[in-house]
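Colleague: Please take a close look at the pairing of oppositely charged side chains in this model. I would also like a word on the nonpolar packing.

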Amino acid sequence: MQLEAGWLTGVKRVPSPHCDARPDEEPPSLLVIHNISLPPGEFGGPYIDQLFTATLDPQAHPYFRDISHLRVSAHCLIRRDGGIVQYVPFDKRAWHAGVSQFAGRERCNDFSIGIELEGTDTLPFTQEQYQQLACITRLLLNQYPITPQCITGHSDIAPQRKTDPGPAFDWQHYHQLIQVPEIDDKRSERS
């Protein structure tokens, strides 16, 4: 896997309309890890792609009535089997973080990359997901001014609103896979 013009090579592309240019074309300096499942707790199916491309049918499931109008996306999704879908090139702003703050700076979408893991806060993620996340992370660390200290969870940048990637995400294992020394912060304590 490589990066070409902000896109990963060799992965499925499903372009999302829910993106735009970054302010002043600032390169991303933050990586935000999320989780998602649609309907909640169910895996597979087309619904995440549909949500991120504004094609989710509100009649397909009762839960979708409340979310089908949302204009959201992430840069990538890593499915349970390790399959990767990319929606937005990394040099563009995906609408994944919402109201958020990192290191005193608001509007994290402006300067971050969002990667979704298909899952929930409480179910363990698969080894295939960790391996693919680590592979993408290493590429991003080499390409953009993202440092290991600037890798965080959605819950850390929007703590009043979000809980993902949740306690099931193994930060210590992830850090080992990307060969990053343990970061001394609250995420390490949760691992």
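Modeller: Arg93 is buried, at 12% relative accessible area (buried is under 20%, exposed over 50% and partly exposed in between, with a 1.4 Å probe and protein chains only). The model is predicted, so local features need pLDDT of at least 70 and side-chain atom pairs pLDDT 80 or more, while totals for chains, interfaces and linings use all residues. Numbering runs from 1 along each chain as its sequence is written, and side-chain values use heavy atoms, without hydrogens or water.

The partner of Arg93 is Asp20, and their side chains form a salt bridge at 2.6 Å, N to O (a Lys or Arg side-chain nitrogen within 4 Å of an Asp or Glu carboxyl oxygen). Because Asp20 sits in strand β4 (residues 19–21) and Arg93 in strand β8 (residues 92–94), the bridge ties together parts that are 73 residues apart in sequence. Helices (H or I, at least four residues) and strands (E, at least two) are DSSP runs numbered from the N terminus. The two ends of this pair fall in separate classes of exposure: Asp20 is partly exposed, with a relative accessible area of 29%, whereas Arg93 is buried, at 12%.

By the rule above, the model has seven salt bridges. Another of them joins the side chains of Asp49 and Lys12, at 3.3 Å from N to O. This pair too links distant parts of the chain: Asp49 belongs to helix α1 and Lys12 to strand β3 (residues 12–13), 37 residues apart. Here the acid is the buried partner, Asp49 having a relative accessible area of 11%. Lys12 has 48% relative accessibility and is therefore classed as partly exposed. The Asp49 and Lys12 pair does not stand alone, for Lys12, Asp49, Arg79 and Glu118 are linked in a network of salt bridges.

A further pair is made by Asp110 and Arg107, whose closest N and O atoms are 3.2 Å apart. Asp110 is buried, at 10% relative accessibility. Arg107, in contrast, is exposed, with a relative accessible area of 53%.

Now the nonpolar packing. The largest nonpolar core holds 26 residues, and those with the most contacts inside it are Ile115, Leu140, Phe169 and Tyr174. Such a core is a set of buried Ala, Val, Leu, Ile, Met, Phe, Trp, Tyr and Cys residues joined through side-chain atoms within 4.5 Å. Two or more residues of this core come from each of β5, β6 (76–78), β11 (112–118), α2 (127–143) and α4 (171–177). Of these elements, helix α2 gives the most to the core, with five residues.

What does Leu140 touch, leaving out residues up to four places away in sequence? Its partners are Leu3, Leu31, Phe90, Ile113, Ile115 and Ile146, a contact being heavy atoms within 4.5 Å. One of these partners, Ile115, is itself among the residues with the most contacts inside the core.

There is also a second core, separate from the one around Leu140, with 15 residues. Val14, Phe64, Ile67 and Ala74 are among its members.
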